[in-house]
Amino acid sequence: MSFRATVLTLYPEMFPGPLDLSLAGRARAAGIWSLETVQIRDFAQDRHRSVDDTPAGGGAGMVMRADALARAIDRAAAPGDERPRLLMSPRGRPLTQARVRALAAGTGALIVCGRFEGVDQRVIEARDLEEVSIGDYVLSGGEPAALVLLDAVVRLLPGVMGNETSGTEESFEGGLLEHPHYTRPPLFEGRPIPDVLTSGNHRRIAEWRRQEAERLTAERRPDLWAAYTKGETEQ
Ligand code: SAM
């Protein structure tokens with residue numbers, strides 16, 4: 001069964017964007033996943049087709065209205081549609097490889113892209129939206145975040161990556177960052193490839209890669225390293 005993504009946005013022209021190229025593009029052409037966009041503005045009911053209004057309580061900026069967005073969600077997800085409903089939001093739980101893997105194991109996702117100062121809280125609660133952040137910085141809209149999330153999910157769908165094992169040895173899988181990579185030429189600007197990698201000794205190569213992964217993780221990501229050493233890595 002193919003993975004079905006529905007993106008609710010004020011900028012449907014941003015999709016599929018980069019997802020029509022490379023792995024994701026080929027996978028979509030092969031029917032491994034599908035992408036539908038819904039223009040939220042089509043569900044506004046007033047004369048001006050307004051989807052935003054001034055914040056209750058005052059302050060700068062505009063807020064995405066609950067009514068138009070709720071109607072768009074109801075149209076996009078028929079009764080019985082069990083797909084997770086995600087709202088891209090800097091306030092959300094940070095996206096992890098474990099969450100990406102869980103999403104890829106499902107039937108699809110409905111993804112809401114916020115704009116302005118954000119979305120009226122009542123629609124988040126009434127439509128049970130799960131807020132997901134792609135990092136501690138603020139984008140101007142949820143669309144690039146939705147593209148990031150879909151890119152990460154689609155590459156894990158069965159049949160997308162040529163070498164199926166490459167997905168399981170990567171950064172975050174198993175709680176560590178990945179080891180460094182080398183390829184031809186053997187000497188680049190005076191820098192050789194580490195001897196062990198050309199030794200042909202697979203046990204020593206695996207050991208070197210594990211040590212390098214541990215060293216990099218301890219140096220760069222004390223948070224991941226602490227969880228790994230305590231055996232608390234999210235799988
Ligand atoms: N006022 C909001 C705040 O301070 O949390 C920021 C709103 S932002 C300008 C507009 C929209 O971009 C958000 O509603 C959300 O959909 C999206 N967005 C911004 N940063 C994001 C992030 N780090 N992860 C996911 N979505 C993000």
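In which strand is Gly-92 found? I looked there to begin with, and Gly-92 turned up in strand β5. I am working with a predicted model, so every entry below is a reading of computed coordinates.

**Entry: Gly-92**

I checked exposure next. Gly-92 counts as partly exposed because it has 16 C-beta neighbours inside 10 Å, and the buried class starts at 20. I then listed its contacts, leaving aside neighbours within four places in sequence. Gly-92 is in contact with Glu-131, Val-132 and Ser-133. I also took one distance. Gly-92 and Ile-32 are 60 residues apart in sequence, and their C-alpha atoms are 28 Å apart in space.

**Entry: whole chain**

I stepped back to the protein chain. I found seven helices and nine strands in it. The C-alpha trace spans about 70 × 40 × 35 Å along its principal axes. The chain has 235 residues, and 26% of them are buried. I looked at contacts between residues at least 6 apart in sequence: 76% of these join residues at least 24 apart.

The domain assignment gives domain 1 as 3–154 and domain 2 as 169–229. I took the two centres over C-alpha atoms and found 36 Å between them.

**Entry: the ligand shell**

Which residues come nearest to the ligand? I counted 20 residues around the ligand, and Met-88, Gly-114, Leu-139, Gly-142 and Ala-145 come nearest. Strand β5, residues 85–94, gives the largest share of this shell, with four residues. I sorted the shell by residue type. It divides into nine nonpolar, eight polar and three charged residues.

I compared this with the record. An unreviewed UniProt entry carries a "binding site" annotation that covers Gly-114, Ile-134, Gly-135, Asp-136, Tyr-137, Val-138 and Leu-139. Gly-114 and Leu-139 are in that annotation, and Gly-114 and Leu-139 are also among the residues that come nearest to the ligand.

I picked two annotated residues for a check. Are Tyr-137 and Val-138 buried or exposed? Tyr-137 lies in the loop between β7 (130–133) and α5. Tyr-137 is exposed, because 7 other C-beta atoms lie within 10 Å and the exposed class runs to 12 or fewer. Val-138 is placed in the loop between β7 and α5. Val-138 has 7 C-beta neighbours inside 10 Å, so Val-138 counts as exposed too.

**Entry: the nonpolar core**

I turned to the largest nonpolar core. It holds 43 residues, and Leu-69, Leu-86, Met-88, Ile-111, Val-112, Ala-146 and Leu-149 touch the most other members. Two or more residues each come from β1, α1, α2 (66–76), β5, α3 (97–104), β6, α4 and α5. Helix α5 gives the largest share, seven residues. Met-88 appears in this list and also among the residues that come nearest to the ligand.

I followed Val-112 one step further. Not counting residues up to four places away in sequence, Val-112 touches Leu-8, Leu-69, Leu-86, Leu-87, Met-88, Leu-129 and Gly-142. Gly-142 comes up in the ligand list as well.

**Entry: backbone oddities**

I scanned the backbone last. Most residues other than glycine have a negative phi, and most peptide bonds are trans, so I noted the exceptions.

Where are the cis peptide bonds? One joins Phe-15 and Pro-16, with omega about -5°. Pro-16 sits in the loop between β1 (3–9) and α1 (22–29). Another joins Arg-184 and Pro-185, with omega about 0°. Pro-185 lies in the loop between α5 (143–154) and β8 (187–188).

Then I looked at phi. Arg-49 is not a glycine, yet its phi is positive, about 55°. Arg-49 lies in the loop between β2 (33–39) and β3 (52–53). Arg-49 is partly exposed because it has 13 other C-beta atoms within 10 Å, and the exposed class stops at 12.

Phe-116 also has a positive phi, near 60°. Phe-116 lies in the loop between β6 (108–113) and α4 (121–126). Phe-116 has 17 C-beta neighbours inside 10 Å, so Phe-116 counts as partly exposed.

Methods:
Residues are numbered from 1 along each chain as its sequence is written. This is a predicted model: local features need pLDDT of at least 70, side-chain atom pairs count only at pLDDT 80 or more; totals for chains, interfaces and linings use all residues. A residue is near a molecule or strand if its C-beta atom, placed from the backbone, lies within 6 Å of it. Ala, Val, Leu, Ile, Met, Phe, Trp, Tyr, Cys and Pro count as nonpolar, Asp, Glu, Lys and Arg as charged, and the others, Gly among them, as polar. UniProt positions are given in the numbering used here, feature names are shortened, and annotations may be inferred rather than shown by experiment. Domain bounds come from an automatic or database domain assignment. A nonpolar core is a set of buried Ala, Val, Leu, Ile, Met, Phe, Trp, Tyr and Cys residues joined through C-beta atoms within 7 Å. Two residues are in contact if their C-beta atoms, placed from the backbone, lie within 7 Å.
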